[in-house]
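Reader: I am new to this structure and should be grateful for a guided discussion of its strands and selected residues. Please let me see the sequence and the model before we begin.

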Amino acid sequence: MSSVQTVVVKIYSPYVCGDDTIVLSTDTITIFDRVFVEIDQADTTICVGQSVNLHVNTDTVLNLTWTPTATLVNNPDEYDVIASPTTTTSYVATVTLAEEGVACPASSDTVKISVLYPPDVSFADSSLLMCLDGVYELNPIIVPEPDAGY
């Protein structure tokens, strides 16, 4: 996570009235040692038509942008998004600190969502006739070849 420090700056009067120190002004400064973003979801595989929830951990004062946005169901500036890719896609969450005069570099994290399609199945012999007590061996043609994903 980011290491955030808060410093309170006080400006004191050069004059003391009795034993009391007079504070003329007070302000708070937030110091980031770096900006941080982490996507909770590990790289994963889904079947076409499915969705995956993506969530980032980051400081709420940072500006967040997800890319690509075309297959995100909701606003790409939200911490929780739903991705519905139709092809294998790498999503990038980027955070920046958009304050004038602040020079913190952007930070990004990436998650890869692989998309599987069901195989095409057909039969070499299109005339599948047989008697009730008969035995018929089906020889399906499966493209691509089956693997552990299905």
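Reader: Which residue in S5 does Ile39 stand opposite?

Author: The model is predicted, with local features requiring pLDDT of at least 70 and side-chain atom pairs pLDDT 80 or more, whereas totals for chains, interfaces and linings use all residues. Residues are numbered from 1 along each chain as its sequence is written, and side-chain values use heavy atoms, without hydrogens or water. Strands are DSSP runs of at least two E residues, numbered from the N terminus, and two strands pair if DSSP finds at least two bridges between them. S3 pairs with strand S5 (residues 52–58) in the antiparallel sense over three bridges, and the residue opposite Ile39 is Val56.

Reader: In what order do the three strands of the open sheet lie?

Author: The edge strands can be recognised by pairing on one side only, and they are strand S3 (37–39) and strand S7 (80–83). The pairing in this open sheet is antiparallel, and the order is S3-S5-S7.

Reader: By how many degrees are neighbouring strands of this sheet turned against each other on average?

Author: Strand axes are lines fitted to C-alpha atoms, and angles run from 0 to 180 degrees between N-to-C directions. With direction ignored, the average turn between neighbouring strands of the S3-S5-S7 sheet is 25 degrees.

Reader: Which backbone oxygen does the side chain of Thr58 reach?

Author: Thr58 is found in strand S5. Thr58 counts as buried because its relative accessibility is 16%, buried meaning under 20% relative accessible area, exposed over 50% and partly exposed in between (1.4 Å probe, protein chains only). Contact means heavy atoms within 4.5 Å, and beyond four places in sequence Thr58 is in contact with Phe36, Val37, Tyr79 and Val95. At 2.4 Å, the side chain reaches the backbone oxygen of Phe36.

Reader: Is Ser107 buried or exposed?

Author: Ser107 is found in strand S9 (residues 107–116). A polar atom of its side chain lies 3.5 Å from the backbone oxygen of Val35. Among the residues that Ser107 touches, leaving out those up to four places away in sequence, are Phe36, Ala93 and Thr94. Because its relative accessibility is 17%, Ser107 counts as buried.

Reader: Which residue of S9 is the bridge partner of Val92?

Author: S9 takes part in pairings of both senses: with strand S4 (residues 44–47) it is parallel over four bridges, and with strand S8 (residues 89–96) it is antiparallel over seven bridges. In the pairing with S4, Thr45 stands opposite Ser114. For Val92, the bridge partner in S9 is Thr110.

Reader: What is the relative accessible area of Ile46?

Author: Ile46 has its place in strand S4. Not counting residues up to four places away in sequence, Ile46 touches Ser51, Pro85, Ile113, Ser114, Val115 and Leu116. Ile46 is buried because its relative accessible area is 7%.

Reader: How many residues are in the largest nonpolar core?

Author: A nonpolar core is a set of buried Ala, Val, Leu, Ile, Met, Phe, Trp, Tyr and Cys residues joined through side-chain atoms within 4.5 Å. Leu54, Val56, Trp66, Tyr91, Ala93 and Ile113 touch the most other members of the largest core, whose residues number 21.

Reader: Where does Asp125 lie?

Author: Asp125 is partly exposed because its relative accessible area is 34%. Its C-alpha atom is separated by 8.4 Å from that of Leu138, 13 residues apart along the chain. Asp125 lies in the loop between strand S10 (120–123) and strand S11 (140–143).

Methods:
Polar contact = N/O pair within 3.5 Å; in protein donor to acceptor, adjacent residues only side chain to side chain.
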